[in-house]
Amino acid sequence: MTLAVIAGGGCAGGDAVVASVGRQSISKASLDHWTAVELAADGENAPGAAELRNEALGLLISWEWTLGEARKLGVRVGTSEAGKQLALSKTDLLSGVSYEWFDGESKLGKYLMSTRVTTPDQLWLVRLAMLSLRLAQSRAVAEQSVIGRARIGAYYQRNKHLFYVGERRDIRAIMNKSRAQVIEAKRQLQAGVRFQAVAERFNQSIEGGLRLGRARGDGTKRYEKDYFAAPLHVLVGPLKEILYYVFEVMSVRPGHQKTLAEAEPAIRQRLAVQDASTALLKAYEHRWRAITSCRAGYTAPGCGQAPTAG
């Protein structure tokens, strides 16, 4: 079965159509196929047959909405691009990595981890999920231009704390499990040996070395507290938390409050995403639900009009 048919392409004979979205038909063959996919993905945890069928029909309807909106706005996700993302997602899942490459990816886990779900079906699911995300992003971009300055200013006044940039420090540090090694590193630095050479020889931690623009952090680590209590251009240490360390504060950039002008792009984007996920999303769903109908005996959340008889 081709992806076009799986996605809801029409079949010959009116009795084979279980739902329609505008001029696009969803066939019983497609519904049966994706009901089986749902069963394969859920395995022993699968709900009853009626609930499975409703879930599958809901998926098919949502896909037709996504495909229709994508055609309207010229939004695309290519098969090759989706294939690369599928490979990344499956590799992460098999390795136990929880990193999410795109919003909604976690919902696909049960399909991508099931050996009973075919690769073409997995590819289709990833492609539709990516397409849905791009549509959401497109709505957010479109919304940015209509957000007024007064609203942005009001948001800034209510949330000034979100736009405070904390103090930053440039630090160079040597960390080592041996106190003697740290003392020797300090001696070499005081003698004028280049920091990079000393770090390559003595530093044993990723928290050491040259750390530019270091933020204060949550303050639970002793070395972070020391970094932000030390004066400029003084070689401090050796001190110890888990490792011994010696460090120097090279420069300090004081904390400051961003102005409204500086914060405006971030605020505009934040409000646009908020609007796109509420008002615009509701309008999108209302528009597509109005042209969606399901045949008598078939139900799903997306069935907007009264059921029709084949």
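## A sheet, a salt-bridge network and local backbone features

With a relative accessibility of 54%, His-233 counts as exposed in this structure, which is a predicted model. The residue is placed in the loop between H10 and E6. Its backbone is also notable, since His-233 has a positive phi of about 60 degrees although it is not a glycine. In general, most residues other than glycine have a negative phi, and most peptide bonds are trans. A second local feature concerns the peptide bond between Gly-237 and Pro-238, which is cis, with an omega of about 10 degrees. Pro-238 belongs to strand E6, which spans residues 236-240.

The protein chain as a whole contains 12 helices and nine strands. It comprises 310 residues, of which 39% count as buried. When contacts in the protein chain between residues at least 6 apart in sequence are considered, 65% of them join residues at least 24 apart. The exposed area of the protein chain is about 16,900 Å², and carbon and sulfur atoms supply 55% of this area.

Three of the strands form an open sheet, in which the order is E2-E1-E9 and the pairing is antiparallel. The edges of the sheet are occupied by strand E2 (24-27) and strand E9 (292-294); each has a single partner strand, so one side of each is left without a neighbour in the sheet. On average, and with direction ignored, neighbouring strands of this sheet are turned by 20 degrees against each other. Strands of a sheet pair through backbone hydrogen bonds, in either a parallel or an antiparallel sense. The pairing of strand E1 (residues 17-21) with E2 is antiparallel and extends over four bridges. Within this pairing, Val-21 is found opposite Gln-24 in E2.

Two helices lie across strands of this sheet. Helix H2, formed by residues 28-42, lies across E1 and E2 and runs at about 55 degrees to E2. Helix H3, formed by residues 49-73, lies across E1, E2 and E9, and its direction is at about 155 degrees to E2.

Turning to charged side chains, the count of salt bridges comes to 16. One of these is formed by Arg-211 and Glu-207, whose closest N and O atoms are 3.3 Å apart. Arg-211 has a relative accessible area of 25% and is therefore partly exposed. Glu-207, at 22% relative accessibility, likewise counts as partly exposed. Another salt bridge brings together the side chains of Glu-224 and Arg-214, with an N to O distance of 2.9 Å. This pair links distant parts of the chain: Glu-224 lies in helix H10 (residues 222-229) and Arg-214 lies in strand E5 (residues 209-214), 10 residues apart. Glu-224 counts as buried because its relative accessibility is 9%, and at 10% relative accessibility Arg-214 counts as buried as well.

A further salt bridge joins Arg-222 to Asp-226, with 3.3 Å between the closest N and O atoms. Both Arg-222 and Asp-226 are located in helix H10, where they are four residues apart, about one turn of the helix. Arg-222 counts as partly exposed at 38% relative accessibility, whereas Asp-226 is buried, its relative accessible area being 17%. Through salt bridges that share partners, Glu-207, Arg-211, Arg-214 and Glu-224 are joined into one network. Within this network, Glu-207 and Arg-211 are partly exposed, whereas Glu-224 and Arg-214 are buried.

On the surface, a nonpolar patch is made up of Leu-93, Leu-94 and Met-113, which together have about 290 Å² of accessible area. Leu-94 is part of helix H4, which covers residues 79-95. With a relative accessible area of 68%, Leu-94 is exposed.

Conventions: Residues are numbered from 1 along each chain as its sequence is written. This is a predicted model: local features need pLDDT of at least 70, side-chain atom pairs count only at pLDDT 80 or more; totals for chains, interfaces and linings use all residues. Side-chain values use heavy atoms; hydrogens and water are left out. Two strands pair if DSSP finds at least two bridges between them. Axes are lines fitted to C-alpha atoms, for helices over the stretch in contact, and angles run from 0 to 180 degrees between N-to-C directions. Contact means heavy atoms within 4.5 Å. A salt bridge is a side-chain nitrogen of Lys or Arg within 4 Å of a carboxyl oxygen of Asp or Glu. Buried means under 20% relative accessible area, exposed over 50%, partly exposed in between (1.4 Å probe, protein chains only). Accessible areas come from the Shrake-Rupley method with a 1.4 Å probe; for residues, only the protein chains shown count as cover. Patches are made of residues with over 30% relative accessible area and no salt bridge: like charges are joined within 9 Å, nonpolar side chains (Val, Leu, Ile, Met, Phe, Trp, Tyr) within 5 Å.
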